[in-house]
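Let's take a walk through this one together. Have the viewer open and follow along.

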Amino acid sequence: MRTADRIGAKVWIARIMITWGLMSASFIWVTTPNMFYFLRFLLGMMEAGFYPGIILYLTQWYPSHRWAKIIALFMSAIPISGIFGNPLSGWIMDAFHDVAGWHGWQWMFVIEAVPAIIVGIAVLYVLDDRIAKAKWLTDAEKAYLESEITADHHEKESPHSVAAVFADKRIWHMCLIYFCFVMGQYGLTFWMPTLVKASGVSGNFNIGLISAIPFLSAVIAMNLCGRSADARRERRWHLVIPALAGAVGFVVSSLAADNTVIAIIFLSIAACGVLTCAPLFWSLPTAFLSGTGAAAGIAVINSVGNLAGFLSPYLIGILKDYTHNNQSGMFMLAGTLVVGAIAVLRTSARMVNR
(Lines give C-alpha, C1' and ligand atoms only; values in the text may rest on other atoms or scores of the structure.)
Protein backbone atom coordinates (compact mmCIF):
# COMPACT_ATOMS: atom_id res chain seq x y z
CA MET A 1 0.00 0.00 0.00
CA ARG A 2 2.90 2.35 0.59
CA THR A 3 3.98 1.51 -2.96
CA ALA A 4 0.51 2.41 -4.24
CA ASP A 5 0.69 5.75 -2.45
CA ARG A 6 4.15 6.47 -3.88
CA ILE A 7 3.54 5.66 -7.57
CA GLY A 8 -0.02 6.99 -7.67
CA ALA A 9 -3.45 5.38 -7.58
CA LYS A 10 -4.10 5.28 -11.29
CA VAL A 11 -0.86 3.48 -12.17
CA TRP A 12 -1.33 1.00 -9.32
CA ILE A 13 -4.96 0.25 -10.16
CA ALA A 14 -4.33 0.09 -13.93
CA ARG A 15 -1.42 -2.30 -13.51
CA ILE A 16 -3.46 -4.69 -11.37
CA MET A 17 -6.52 -4.62 -13.64
CA ILE A 18 -4.51 -5.33 -16.78
CA THR A 19 -2.63 -8.17 -15.09
CA TRP A 20 -5.92 -9.42 -13.65
CA GLY A 21 -7.42 -9.65 -17.14
CA LEU A 22 -4.41 -11.48 -18.54
CA MET A 23 -4.41 -13.91 -15.61
CA SER A 24 -8.14 -14.58 -16.02
CA ALA A 25 -7.57 -15.50 -19.65
CA SER A 26 -4.94 -18.04 -18.53
CA PHE A 27 -7.76 -20.12 -16.98
CA ILE A 28 -8.27 -21.66 -20.43
CA TRP A 29 -5.30 -23.93 -19.68
CA VAL A 30 -6.86 -25.36 -16.50
CA THR A 31 -6.93 -29.16 -16.61
CA THR A 32 -7.34 -30.16 -12.94
CA PRO A 33 -9.24 -28.84 -9.88
CA ASN A 34 -5.94 -28.16 -8.10
CA MET A 35 -4.75 -26.01 -10.99
CA PHE A 36 -8.03 -24.11 -10.89
CA TYR A 37 -7.73 -23.39 -7.17
CA PHE A 38 -4.10 -22.33 -7.63
CA LEU A 39 -4.96 -19.82 -10.35
CA ARG A 40 -7.92 -18.66 -8.28
CA PHE A 41 -5.50 -18.09 -5.41
CA LEU A 42 -3.22 -16.01 -7.66
CA LEU A 43 -6.16 -13.86 -8.71
CA GLY A 44 -7.02 -13.44 -5.05
CA MET A 45 -3.48 -12.25 -4.37
CA MET A 46 -3.90 -9.61 -7.06
CA GLU A 47 -7.15 -8.52 -5.44
CA ALA A 48 -5.19 -8.21 -2.19
CA GLY A 49 -3.50 -5.24 -3.84
CA PHE A 50 -6.40 -3.86 -5.86
CA TYR A 51 -9.16 -3.77 -3.27
CA PRO A 52 -7.29 -2.09 -0.40
CA GLY A 53 -5.80 0.27 -2.98
CA ILE A 54 -9.31 1.42 -3.87
CA ILE A 55 -10.28 1.71 -0.20
CA LEU A 56 -7.17 3.77 0.57
CA TYR A 57 -7.77 5.90 -2.51
CA LEU A 58 -11.32 6.71 -1.45
CA THR A 59 -10.20 7.72 2.06
CA GLN A 60 -8.29 10.52 0.34
CA TRP A 61 -11.52 11.88 -1.16
CA TYR A 62 -14.30 11.27 1.40
CA PRO A 63 -14.58 11.81 5.20
CA SER A 64 -15.77 9.09 7.60
CA HIS A 65 -19.39 10.22 7.77
CA ARG A 66 -19.84 9.48 4.05
CA TRP A 67 -17.99 6.19 3.98
CA ALA A 68 -20.79 3.63 4.16
CA LYS A 69 -22.66 5.21 1.25
CA ILE A 70 -19.58 5.61 -0.94
CA ILE A 71 -18.21 2.11 -0.34
CA ALA A 72 -21.67 0.60 -0.86
CA LEU A 73 -21.87 2.41 -4.19
CA PHE A 74 -18.40 1.16 -5.18
CA MET A 75 -19.11 -2.41 -4.10
CA SER A 76 -22.43 -2.45 -5.95
CA ALA A 77 -20.20 -3.54 -8.81
CA ILE A 78 -20.05 -7.02 -7.24
CA PRO A 79 -23.78 -7.84 -7.45
CA ILE A 80 -24.15 -5.85 -10.68
CA SER A 81 -21.46 -8.01 -12.25
CA GLY A 82 -23.50 -11.00 -11.09
CA ILE A 83 -26.68 -9.59 -12.62
CA PHE A 84 -25.10 -9.29 -16.06
CA GLY A 85 -22.17 -11.67 -15.74
CA ASN A 86 -24.04 -14.84 -14.79
CA PRO A 87 -26.49 -14.80 -17.74
CA LEU A 88 -23.65 -13.71 -20.05
CA SER A 89 -21.43 -16.54 -18.83
CA GLY A 90 -24.20 -19.06 -19.37
CA TRP A 91 -24.86 -17.74 -22.87
CA ILE A 92 -21.17 -17.77 -23.82
CA MET A 93 -20.71 -21.35 -22.61
CA ASP A 94 -23.71 -22.50 -24.66
CA ALA A 95 -23.15 -20.38 -27.78
CA PHE A 96 -19.37 -20.82 -28.10
CA HIS A 97 -19.11 -24.50 -27.23
CA ASP A 98 -16.74 -26.26 -29.67
CA VAL A 99 -15.98 -23.03 -31.57
CA ALA A 100 -12.40 -23.34 -32.87
CA GLY A 101 -12.13 -26.54 -30.85
CA TRP A 102 -12.48 -24.80 -27.48
CA HIS A 103 -14.98 -25.57 -24.74
CA GLY A 104 -17.55 -22.93 -23.88
CA TRP A 105 -15.98 -22.28 -20.48
CA GLN A 106 -12.64 -21.51 -22.16
CA TRP A 107 -14.26 -18.87 -24.34
CA MET A 108 -15.96 -17.47 -21.25
CA PHE A 109 -12.65 -16.83 -19.49
CA VAL A 110 -11.10 -15.20 -22.57
CA ILE A 111 -14.06 -12.98 -23.46
CA GLU A 112 -14.71 -11.86 -19.88
CA ALA A 113 -11.04 -10.97 -19.38
CA VAL A 114 -11.19 -8.27 -22.08
CA PRO A 115 -13.17 -5.62 -20.11
CA ALA A 116 -10.65 -5.68 -17.24
CA ILE A 117 -7.80 -4.99 -19.65
CA ILE A 118 -9.69 -2.21 -21.47
CA VAL A 119 -10.77 -0.47 -18.26
CA GLY A 120 -7.28 -0.86 -16.83
CA ILE A 121 -5.87 1.08 -19.78
CA ALA A 122 -8.65 3.69 -19.48
CA VAL A 123 -7.80 4.28 -15.81
CA LEU A 124 -4.46 5.78 -16.88
CA TYR A 125 -6.30 8.53 -18.73
CA VAL A 126 -9.37 9.28 -16.60
CA LEU A 127 -8.45 8.77 -12.92
CA ASP A 128 -6.98 11.55 -10.75
CA ASP A 129 -4.65 10.44 -7.96
CA ARG A 130 -5.64 13.08 -5.40
CA ILE A 131 -7.94 16.04 -4.85
CA ALA A 132 -5.07 18.44 -5.59
CA LYS A 133 -4.62 16.90 -9.06
CA ALA A 134 -8.30 17.00 -10.05
CA LYS A 135 -8.62 19.27 -13.09
CA TRP A 136 -12.41 19.30 -12.79
CA LEU A 137 -12.35 21.03 -9.36
CA THR A 138 -11.79 24.74 -8.73
CA ASP A 139 -9.08 25.84 -6.29
CA ALA A 140 -11.75 26.78 -3.73
CA GLU A 141 -13.40 23.35 -4.04
CA LYS A 142 -10.04 21.61 -3.64
CA ALA A 143 -9.23 23.63 -0.53
CA TYR A 144 -12.62 22.88 1.03
CA LEU A 145 -12.46 19.15 0.35
CA GLU A 146 -8.88 18.84 1.61
CA SER A 147 -9.79 20.71 4.81
CA GLU A 148 -12.63 18.24 5.38
CA ILE A 149 -10.31 15.26 4.95
CA THR A 150 -7.64 16.81 7.19
CA ALA A 151 -10.13 17.56 9.97
CA ASP A 152 -11.51 14.03 9.74
CA HIS A 153 -8.06 12.47 10.04
CA HIS A 154 -7.19 14.60 13.07
CA GLU A 155 -10.12 13.08 14.97
CA LYS A 156 -8.82 9.53 14.57
CA GLU A 157 -6.67 7.60 17.03
CA SER A 158 -4.65 5.78 14.39
CA PRO A 159 -1.39 3.78 14.77
CA HIS A 160 1.44 5.82 13.26
CA SER A 161 3.74 3.06 11.98
CA VAL A 162 3.56 -0.35 10.37
CA ALA A 163 4.88 -1.97 13.56
CA ALA A 164 2.17 -0.23 15.59
CA VAL A 165 -0.47 -1.59 13.23
CA PHE A 166 0.56 -5.20 13.90
CA ALA A 167 0.58 -4.51 17.65
CA ASP A 168 -2.88 -2.90 17.62
CA LYS A 169 -5.53 -5.32 18.94
CA ARG A 170 -8.22 -3.35 17.12
CA ILE A 171 -6.69 -4.33 13.77
CA TRP A 172 -6.85 -8.04 14.59
CA HIS A 173 -10.40 -7.67 15.83
CA MET A 174 -11.26 -6.09 12.47
CA CYS A 175 -9.48 -9.00 10.75
CA LEU A 176 -11.75 -11.49 12.52
CA ILE A 177 -14.89 -9.61 11.51
CA TYR A 178 -13.82 -9.21 7.90
CA PHE A 179 -12.72 -12.84 7.64
CA CYS A 180 -16.20 -13.98 8.66
CA PHE A 181 -17.96 -11.66 6.23
CA VAL A 182 -15.70 -12.49 3.28
CA MET A 183 -16.29 -16.20 3.92
CA GLY A 184 -19.98 -15.57 3.35
CA GLN A 185 -19.45 -13.27 0.38
CA TYR A 186 -17.18 -15.59 -1.58
CA GLY A 187 -19.22 -18.64 -0.69
CA LEU A 188 -22.30 -16.97 -2.13
CA THR A 189 -20.79 -15.52 -5.31
CA PHE A 190 -18.73 -18.63 -6.12
CA TRP A 191 -21.47 -21.19 -5.51
CA MET A 192 -24.55 -19.21 -6.56
CA PRO A 193 -25.00 -21.03 -9.92
CA THR A 194 -24.67 -24.40 -8.16
CA LEU A 195 -27.26 -23.43 -5.54
CA VAL A 196 -29.67 -22.19 -8.20
CA LYS A 197 -29.21 -25.37 -10.19
CA ALA A 198 -29.88 -27.44 -7.06
CA SER A 199 -33.23 -25.67 -6.66
CA GLY A 200 -34.45 -27.15 -9.94
CA VAL A 201 -33.39 -24.63 -12.58
CA SER A 202 -31.76 -26.16 -15.67
CA GLY A 203 -29.77 -24.76 -18.60
CA ASN A 204 -26.69 -22.52 -18.29
CA PHE A 205 -28.48 -19.38 -19.49
CA ASN A 206 -31.52 -19.97 -17.25
CA ILE A 207 -29.30 -20.58 -14.24
CA GLY A 208 -27.41 -17.36 -14.95
CA LEU A 209 -30.65 -15.43 -15.41
CA ILE A 210 -32.20 -16.66 -12.15
CA SER A 211 -28.93 -16.03 -10.33
CA ALA A 212 -29.32 -12.36 -11.19
CA ILE A 213 -32.36 -12.04 -8.89
CA PRO A 214 -30.43 -12.29 -5.58
CA PHE A 215 -27.76 -9.92 -6.89
CA LEU A 216 -30.35 -7.34 -7.96
CA SER A 217 -31.88 -7.50 -4.49
CA ALA A 218 -28.42 -7.02 -2.97
CA VAL A 219 -27.72 -3.84 -4.98
CA ILE A 220 -30.82 -2.22 -3.51
CA ALA A 221 -30.22 -3.44 0.04
CA MET A 222 -26.55 -2.48 0.30
CA ASN A 223 -27.11 1.07 -0.93
CA LEU A 224 -30.14 1.62 1.32
CA CYS A 225 -28.20 0.35 4.35
CA GLY A 226 -25.18 2.45 3.44
CA ARG A 227 -27.24 5.62 3.27
CA SER A 228 -29.00 4.77 6.53
CA ALA A 229 -25.71 4.07 8.34
CA ASP A 230 -24.25 7.41 7.26
CA ALA A 231 -27.41 9.37 8.01
CA ARG A 232 -27.66 7.95 11.54
CA ARG A 233 -23.87 7.76 12.15
CA GLU A 234 -24.51 4.21 13.42
CA ARG A 235 -22.28 1.38 12.22
CA ARG A 236 -22.64 -1.71 14.40
CA TRP A 237 -26.32 -2.64 14.06
CA HIS A 238 -26.21 -1.79 10.36
CA LEU A 239 -23.72 -4.66 10.14
CA VAL A 240 -25.20 -7.07 12.67
CA ILE A 241 -28.69 -7.18 11.17
CA PRO A 242 -27.52 -7.91 7.58
CA ALA A 243 -25.08 -10.56 8.87
CA LEU A 244 -27.83 -12.39 10.77
CA ALA A 245 -30.21 -12.02 7.81
CA GLY A 246 -27.54 -13.58 5.60
CA ALA A 247 -27.18 -16.49 8.03
CA VAL A 248 -30.93 -17.11 7.97
CA GLY A 249 -30.95 -16.88 4.18
CA PHE A 250 -28.23 -19.51 3.83
CA VAL A 251 -29.92 -21.95 6.22
CA VAL A 252 -33.45 -21.72 4.83
CA SER A 253 -32.38 -21.72 1.16
CA SER A 254 -30.40 -24.93 1.72
CA LEU A 255 -33.23 -26.61 3.66
CA ALA A 256 -35.75 -25.65 0.95
CA ALA A 257 -33.46 -26.54 -1.95
CA ASP A 258 -36.19 -28.60 -3.65
CA ASN A 259 -38.57 -25.60 -3.78
CA THR A 260 -37.31 -23.16 -6.42
CA VAL A 261 -39.39 -20.17 -5.30
CA ILE A 262 -38.52 -20.41 -1.59
CA ALA A 263 -34.88 -21.19 -2.34
CA ILE A 264 -34.50 -18.12 -4.57
CA ILE A 265 -36.29 -15.87 -2.05
CA PHE A 266 -33.94 -16.88 0.75
CA LEU A 267 -30.89 -16.85 -1.50
CA SER A 268 -31.89 -13.25 -2.20
CA ILE A 269 -32.05 -12.58 1.54
CA ALA A 270 -28.62 -14.21 1.94
CA ALA A 271 -27.23 -12.05 -0.88
CA CYS A 272 -28.72 -8.89 0.63
CA GLY A 273 -27.16 -9.67 3.99
CA VAL A 274 -23.75 -10.92 2.88
CA LEU A 275 -23.08 -8.31 0.21
CA THR A 276 -24.26 -5.49 2.49
CA CYS A 277 -21.76 -6.53 5.17
CA ALA A 278 -18.72 -6.02 2.95
CA PRO A 279 -19.07 -2.28 2.19
CA LEU A 280 -20.44 -1.37 5.62
CA PHE A 281 -17.58 -3.18 7.30
CA TRP A 282 -15.03 -0.68 6.01
CA SER A 283 -16.71 2.12 7.95
CA LEU A 284 -15.36 0.38 11.10
CA PRO A 285 -11.56 0.38 10.58
CA THR A 286 -11.54 3.64 8.63
CA ALA A 287 -13.21 5.29 11.63
CA PHE A 288 -9.89 5.07 13.51
CA LEU A 289 -7.28 4.56 10.77
CA SER A 290 -5.54 7.36 8.88
CA GLY A 291 -2.20 8.12 7.22
CA THR A 292 0.43 5.37 7.39
CA GLY A 293 -1.80 3.46 9.79
CA ALA A 294 -4.59 3.41 7.22
CA ALA A 295 -2.38 2.08 4.44
CA ALA A 296 -0.88 -0.70 6.55
CA GLY A 297 -4.07 -1.49 8.47
CA ILE A 298 -6.25 -1.80 5.38
CA ALA A 299 -3.63 -4.04 3.76
CA VAL A 300 -3.46 -6.36 6.78
CA ILE A 301 -7.24 -6.60 7.13
CA ASN A 302 -7.76 -7.22 3.44
CA SER A 303 -5.02 -9.87 3.37
CA VAL A 304 -6.84 -11.83 6.05
CA GLY A 305 -10.09 -11.39 4.12
CA ASN A 306 -8.35 -12.60 0.99
CA LEU A 307 -7.42 -15.78 2.84
CA ALA A 308 -11.12 -16.29 3.59
CA GLY A 309 -11.87 -15.72 -0.09
CA PHE A 310 -9.58 -18.64 -0.92
CA LEU A 311 -10.78 -20.94 1.86
CA SER A 312 -14.53 -20.40 1.53
CA PRO A 313 -15.17 -21.98 -1.91
CA TYR A 314 -12.60 -24.68 -1.19
CA LEU A 315 -14.16 -25.69 2.16
CA ILE A 316 -17.66 -25.68 0.72
CA GLY A 317 -16.46 -27.98 -2.03
CA ILE A 318 -14.89 -30.35 0.49
CA LEU A 319 -18.06 -30.41 2.61
CA LYS A 320 -20.20 -31.00 -0.45
CA ASP A 321 -18.04 -33.92 -1.56
CA TYR A 322 -18.08 -35.40 1.95
CA THR A 323 -21.81 -35.03 2.69
CA HIS A 324 -23.11 -35.17 -0.92
CA ASN A 325 -25.31 -32.09 -0.38
CA ASN A 326 -25.07 -28.29 -0.18
CA GLN A 327 -26.51 -27.95 3.32
CA SER A 328 -23.30 -28.47 5.30
CA GLY A 329 -21.49 -25.73 3.38
CA MET A 330 -24.36 -23.29 3.80
CA PHE A 331 -24.55 -24.05 7.54
CA MET A 332 -20.84 -23.32 7.80
CA LEU A 333 -21.30 -19.94 6.09
CA ALA A 334 -24.24 -19.14 8.37
CA GLY A 335 -22.11 -19.94 11.41
CA THR A 336 -19.27 -17.67 10.31
CA LEU A 337 -21.72 -14.81 9.76
CA VAL A 338 -23.07 -15.23 13.30
CA VAL A 339 -19.51 -15.16 14.67
CA GLY A 340 -18.87 -11.99 12.67
CA ALA A 341 -22.04 -10.36 14.02
CA ILE A 342 -21.01 -11.13 17.61
CA ALA A 343 -17.55 -9.68 16.96
CA VAL A 344 -19.13 -6.48 15.60
CA LEU A 345 -21.19 -6.08 18.78
CA ARG A 346 -17.98 -6.33 20.79
CA THR A 347 -16.60 -3.31 18.93
CA SER A 348 -16.72 0.01 20.77
CA ALA A 349 -19.64 2.10 19.53
CA ARG A 350 -17.80 5.29 20.50
CA MET A 351 -14.89 4.34 18.27
CA VAL A 352 -16.82 3.52 15.09
CA ASN A 353 -20.05 5.52 15.15
CA ARG A 354 -18.85 8.54 13.18
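Which helix is the place of W67? Bear in mind that this is a predicted model. W67 sits in helix α4, which covers residues 67–75.

Is W67 buried or exposed? Its relative accessible area is 2%, and since buried means under 20%, W67 is buried. Now look at who surrounds it. Setting aside the neighbours within four places in sequence, W67 touches I55, L58, T59 and Y62, and also D230, W282 and T286. There's a link across the sequence here too: A229 is 162 residues away from W67 along the chain, yet their C-alpha atoms are separated by 9.1 Å.

Zoom out for a moment. The protein chain has 15 helices and zero strands, and 51% of its 354 residues count as buried. As for the contacts with a separation of 6 or more in the protein chain, 77% of them come from residues 24 or more positions apart.

With helices to look at, packing is a natural next stop. Two packed helices are described by the angle between their axes and the distance between those axes. Try α11 (residues 237–255) and α12 (residues 260–281): their axes come within 7 Å and cross at roughly 150°. Angles over 145 degrees count as roughly antiparallel, so α11 is roughly antiparallel to α12. The crossing of α11 past α12 is left-handed.

What residues meet there? On the α11 side they include H238, L239, P242, F250 and S253, and among their counterparts on α12 are I262, F266, L267, T276 and F281. The residues of this contact between α11 and α12 split into 17 nonpolar, six polar and no charged.

Last stop: the rings. How many aromatic pairs does the structure hold? There are nine aromatic pairs. One to pull up is W91 with F96: the ring centres are 5.8 Å apart and the planes are at 80°, so this pair is edge-to-face, the label used when planes are over 60 degrees apart. W91 and F96 also belong to one aromatic cluster, together with W102 and W107.

Where do W91 and F96 stand on accessible area? W91 has a relative accessible area of 45%, so W91 is partly exposed. F96 is also partly exposed, with a relative accessible area of 23%. Set those beside W67, where we began, which is buried at 2%.

Note on methods
Residues are numbered from 1 along each chain as its sequence is written. This is a predicted model: local features need pLDDT of at least 70, side-chain atom pairs count only at pLDDT 80 or more; totals for chains, interfaces and linings use all residues. Side-chain values use heavy atoms; hydrogens and water are left out. Helices (H or I, at least four residues) and strands (E, at least two) are DSSP runs, numbered from the N terminus. Buried means under 20% relative accessible area, exposed over 50%, partly exposed in between (1.4 Å probe, protein chains only). Contact means heavy atoms within 4.5 Å. Axes are lines fitted to C-alpha atoms, for helices over the stretch in contact, and angles run from 0 to 180 degrees between N-to-C directions. Angles under 35 degrees count as roughly parallel, over 145 as roughly antiparallel, 65 to 115 as roughly perpendicular and the rest as oblique. A crossing is left-handed if the near helix is turned anticlockwise from the far one by less than a right angle, and right-handed if clockwise. Ala, Val, Leu, Ile, Met, Phe, Trp, Tyr, Cys and Pro count as nonpolar, Asp, Glu, Lys and Arg as charged, and the others, Gly among them, as polar. Rings of Phe, Tyr and Trp (its six-membered ring) pair if their centres lie within 6.5 Å; planes under 30 degrees apart count as stacked, over 60 as edge-to-face and the rest as tilted.
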